[in-house]
Amino acid sequence: MSKKLSITRVAMTLVLLLGVSFGGALYYWYKNADVFGAAMTPAQQKLYFESKNFSDATFNNQLNTPLNQSFSLMISSLWDYMTAQNLAPKNNIEIIQTDSSLLANPLNKNQLLWYGHSTFLLQTANKTLLFDPIFSKIAAPHTSLGSPRYNDLLPIEPSQLPTIDAVIISHDHYDHLDYPTIMQLDAKVKHYYVPLGVGQHLLHWGISKERISEMDWWQSNDLDDITLTLTPARHFSGRRLGNIKSTLWGGWMVEAPQQRFFFSGDSGYGPHFKEVGKRFGPIDMALLDSGQYNFRWDKVHMTPKQSVQAAKDLEAHILMPVHWGAFTLSLHPWDEPAAQTALIAKEQHQAFVIPRIGELIQLQDEPKARAPWWKNF
């Protein structure tokens, strides 16, 4: 055997060993990393057999909502992401820094603070509620995956937040249920309200069962003077390969003495908005999924035009578009949800507000006219 051939075989063997080692390490991480949450075994899912929304080992939408997860779609999506340009802002978005004293005591306050994407803090009826918190730089299970947050700064650091009476989760996708954020916040959180199945992730992360309320669509829980109701949404779930629709998803209705407030979670357009409006309307303010839409998943996210229509279905006085402003998770320009919502809402005489990230909104006031701040970035 020639010396050259021997060296080649050694090199090939080393490459093979390295590949096997890397693959093994990756598989071990995937199987064991806490960030993936609970694996949703059949034994765990037996708890949800009585739900009308659960059948054939999955949760289901009210309407037929096909999800194309073919290999060809994955390849075409990846190619579009690789070749797309000008999706993120050219410069870091300017973040308003919030004085922690303005949030320190929720007594007699009725205000909202948006962190970007779908994360917001609501203070009403002497309570502090935090929805879908994600404070991480990447909305993904690992920092090497996904696009970075448009600005690493937060309006207020988690350590400066007041006691949080409730963390409220719409579903278990990484841009809504963020493991590092939950772990960072947990010492401040009194209770968690989540859709069916999502509590299994929290239990896996060491949060006690007594602090978790799992809810089905149309179920309600009282938090002193506030009533929280999980409402239907048109979406899906899952944190691992193969467990799609293994947990429930939804929107949230918040009924407080001074405010009737709705958050859609992630949702495609559907008749559930009219049903929510019929049951709870008129609604003072609705935060609606208006970003990260794409023709490939047009049944599970709304375009701005659809979110304006949803606001009308809800009989919402004020619309606020969310699910944009922090991460690039689709292929439209980052500010298109804001620009299109403003344009369409004006045409259809729908009141709206598009605050800057970190701007503290007083909910008892009528929304003031704002310059299109997103054009500056």
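**Exercise 1. Classify tryptophan 114 as buried or exposed, and describe its ring pair with tryptophan 324.**

Step 1. Tryptophan 114 has a relative accessible area of 0% and is therefore buried (buried: under 20% relative accessible area; exposed: over 50%; partly exposed: in between; 1.4 Å probe, protein chains only). The structure is a predicted model, in which local features need pLDDT of at least 70 and side-chain atom pairs count only at pLDDT 80 or more, while totals for chains, interfaces and linings use all residues. Residues are numbered from 1 along each chain as its sequence is written, and side-chain values use heavy atoms, with hydrogens and water left out.

Step 2. Tryptophan 324 also has a relative accessibility of 0% and counts as buried.

Step 3. Apply the ring rule: rings of Phe, Tyr and Trp (its six-membered ring) pair if their centres lie within 6.5 Å, with planes under 30 degrees apart counted as stacked, over 60 as edge-to-face and the rest as tilted. The count by this rule is 20 aromatic pairs. For tryptophan 114 and tryptophan 324 the ring centres are 5.4 Å apart and the planes stand at 45°, so this pair is tilted.

Step 4. Place the two residues. Tryptophan 114 belongs to strand β3 (residues 111-116) and tryptophan 324 to the loop between β14 and α8, so the pair ties together parts 210 residues apart in sequence. Helices (H or I, at least four residues) and strands (E, at least two) are DSSP runs, numbered from the N terminus.

Step 5. Ring pairs link Trp114 and Trp324 into a cluster with Tyr150, Trp334, Trp373, Trp374 and Phe377.

**Exercise 2. Repeat the analysis for tyrosine 115 and phenylalanine 135.**

Step 1. Tyrosine 115 is buried, at 1% relative accessible area. Phenylalanine 135, at 9%, counts as buried.

Step 2. The ring centres of tyrosine 115 and phenylalanine 135 are 4.8 Å apart and the planes are at 40°, so the pair is tilted.

Step 3. Tyrosine 115 is in strand β3 and phenylalanine 135 in the loop between β5 (127-131) and β6 (166-168), so the pair ties together parts 20 residues apart in sequence.

**Exercise 3. Locate histidine 323 and list what surrounds it.**

Step 1. The loop between β14 (316-322) and α8 (336-347) holds histidine 323. Its relative accessible area is 1%, so histidine 323 is buried.

Step 2. The side chains of histidine 323 and histidine 176 make a polar contact at 3.4 Å (a pair of N or O atoms within 3.5 Å; within protein, one must be able to donate a hydrogen and the other to accept it, and residues adjacent in sequence count only if both atoms are side-chain atoms).

Step 3. With neighbours within four places in sequence left aside, the contacts (heavy atoms within 4.5 Å) of histidine 323 include His117, Ser118, Asp175, Asp266, Asp289 and Gln292.

Step 4. Glutamine 292 lies in the loop between β13 and α7 and has a phi near 65°, a positive value in a residue other than glycine. At 4% relative accessible area, glutamine 292 is buried.

**Exercise 4. Trace the link from serine 264 to aspartate 289.**

Step 1. Serine 264 sits in the loop between β12 (259-263) and α6 (272-280), and is buried with a relative accessible area of 1%.

Step 2. The serine 264 side chain reaches the backbone nitrogen of aspartate 289 at 2.9 Å.

Step 3. Not counting residues up to four places away in sequence, serine 264 touches Asp289 and others, among them Ala233, Phe273 and Leu288.

**Exercise 5. Check the span of α8 and find its packing partners.**

Step 1. The expected span is 1.5 Å times one less than the number of residues. For the twelve residues of α8 this should give 16 Å, and the end C-alpha atoms are 16 Å apart, which agrees.

Step 2. Pro337, Ala338, Thr341, Ala342, Ile344 and Ala345 of α8 are buried. The buried residues of α8 pack against α7 (304-314) and β14.

Step 3. Histidine 349, with a positive phi near 55°, follows α8.

**Exercise 6. Identify the cis peptide bond and place its proline.**

Step 1. Glycine 281 and proline 282 are joined by a cis peptide bond, with omega about -5°.

Step 2. Proline 282 is in the loop between α6 and β13 (283-289).
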